[in-house]
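Below are some notes for a colleague who has not looked at this entry before. Please read them with the structure open.

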Amino acid sequence: MNELKVLDLYQNTPKDRLENFTNNTRAELNISTNVNRVETDFEWLEIMEDTIRYLDNILRNPNRFIVNEDEIVKVELARRITVESIRHLSKHTNFIQKIEDNGDVKPSKILNINKEESYDTYENRLIYTLIDNMRNFLEIKKKSLITSSSVKDVKKASYSARTKVGNENVFVEMSYSSSLNEKVGPQGEDSLENRIKRLDDDITMLSNTDVIKALKKAHVARVIPPIKKTNVILKNTNFQYAMKLWDFLQNHVANDDKVIKSNKSYEENGILKDYMNSTFLLNYLAMNTLSDTSQGKAATKQAVDEITDKLVQRIVELNVDMPMSELKERIGDKIAITRYKTEASLSEVSNTFSKHIKTYLEKIENIEL
């Protein structure tokens, strides 16, 4: 329905009657609202989603260095004799057990050097700390979403009004209630819950890489601000995105959701009351059609006028080249012929009906005789 049909009632009602109704209207409108809204900023989610791939790049090609682990062991347990082992033995002759006649030296113990790769660099510990911060931040947000993922808005209104139109007393009383409980964020496949779950899975994936597991096993120290501006952190693109996320998390440690609560109860005397009064008037006009036929007559006349306008417009469109005088003459002739046929038909029906009535009365008179 493109338009309100009830407006036709208003347009077809005499102006003085409308003014009488409006001037005598006395109304009261009471409103109560209860709003509980949480304005949640999901910038953190977008930044984390964008940074995951850069953290993955860092952990696929991590910084590492070789660690020499010195250990004095029995000769038979030594895995490899190096130059460092010989130098150490020359300085610690107490480990020499025997010197053979041919000059061979037989030690009892010797220095064994184990070379191992280590991920314990400052840059790797920074990423290790960042991933741990991401996990903690996400857990806080997941708990807050239980209350912040919805908007509750309840409205109630009670309206009563009375008026007098002539000798007719009119009264109305109505109540209105609406309740909105809406989730924040997109729904469906890309809903907030699904995005958070994917992010949670991505963080778990990063935590299970060899670098992070090795650092966790070694119980490395977490990086504490301020951050050292090493060449890698300053110049590597992946670390630049990682530092953007680091700075964001440092500045949004606490739950910064904005909670808005509003409860109001008042008597409305503004534009809303005017709307309700107008509705009262339209309801009255609609109900008044039960006893007022003037509206039906007006509607019928309006329908006839509309049909006539369309017919005339169509006739003119089909005879656009015909002179106006000739067009009027033809239309007049057609109307005269049609009207004559209609009147003739009605006269014939009337004569036939009278003839049968007369015959019927004659039969009755004959029966009485």
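Is Asp120 buried, partly exposed or exposed? Asp120 counts as partly exposed because its relative accessibility is 37%. The points below start from this residue; note that the model is a predicted one.

1. Asp120 and its partner. Asp120 makes a salt bridge with Arg125, and 3.4 Å separates the closest N and O atoms. Arg125 has a relative accessibility of 19%, so Arg125 counts as buried, the cut-off for buried being under 20%. The bridge therefore joins a partly exposed acid to a buried base. As background, side chains of opposite charge can pair when their charged atoms come close.

2. Salt bridges overall. Searching the whole structure gives 9 salt bridges. Asp120 with Arg125 is one of the pairs that form a salt bridge, and two further pairs are described in the next points.

3. Asp132 and Arg222. In this salt bridge the closest N and O atoms are 2.5 Å apart. The pair links distant parts of the chain, with the two positions 90 residues apart: Asp132 belongs to helix 5 (residues 122-148), while Arg222 lies in the loop between helix 7 and helix 8 (231-235). Asp132 counts as partly exposed because its relative accessibility is 30%. Arg222, at 39%, counts as partly exposed too.

4. Asp200 and Lys142. A salt bridge holds these two residues with their closest N and O atoms 3.0 Å apart. Here too the pair links distant parts of the chain: Asp200 is in helix 6 (residues 192-207) and Lys142 in helix 5, 58 residues apart. Asp200 has 15% relative accessibility and so counts as buried, whereas Lys142 is partly exposed, with a relative accessible area of 31%.

5. A wider network. Which residues are linked with Lys142 and Asp200 in a network of salt bridges? Arg135 and Glu139 are the other members of that network.

6. Helix 7. This helix covers residues 210-217, and its buried residues are Val211, Ile212 and Leu215. They lie on the same side of helix 7 because the arc they cover around the axis is only 95 degrees. Asp210 and Lys217 are exposed on the other side of helix 7.

7. After helix 7. His219 follows helix 7 and sits in the loop between helix 7 and helix 8. His219 is not a glycine, yet its phi is positive, at about 55 degrees. With a relative accessible area of 71%, His219 is exposed. The backbone here deserves a look, since most residues other than glycine have a negative phi, and most peptide bonds are trans.

8. A cis bond. How is the peptide bond between Pro225 and Pro226 arranged, cis or trans? The bond is cis, with omega about 0 degrees. Pro226 is in the loop between helix 7 and helix 8, where His219 and Arg222 are also found.

9. A charged patch. Asp41, Glu43, Glu46 and Asp50 form a negative surface patch. Among them, Asp50 is part of helix 3 (residues 43-60). Its relative accessibility is 42%, so Asp50 counts as partly exposed. Patch members must have over 30% relative accessible area and no salt bridge, and the 42% of Asp50 is therefore in line with the accessibility part of that rule.

Technical notes: Residues numbered from 1 in each chain as written. Predicted model: local features only at pLDDT ≥ 70, side-chain atom pairs only at ≥ 80, totals over all residues. Heavy atoms only, no water. Patch = residues over 30% accessible without salt bridge, like charges linked within 9 Å, V, L, I, M, F, W, Y side chains within 5 Å. Areas by Shrake-Rupley, 256 points an atom, 1.4 Å probe, with all protein chains shown as cover. Salt bridge = Lys/Arg side-chain N within 4 Å of Asp/Glu carboxyl O. Lys, Arg positive; Asp, Glu negative; His and termini not counted. Charge placed at Lys NZ, Arg CZ, Asp CG, Glu CD. Helix = DSSP H or I, 4+ residues; strand = E, 2+ residues; numbered from the N terminus. Buried < 20%, exposed > 50% of the residue type's maximum accessible area, 1.4 Å probe, protein only. Arc of directions from axis to C-beta.
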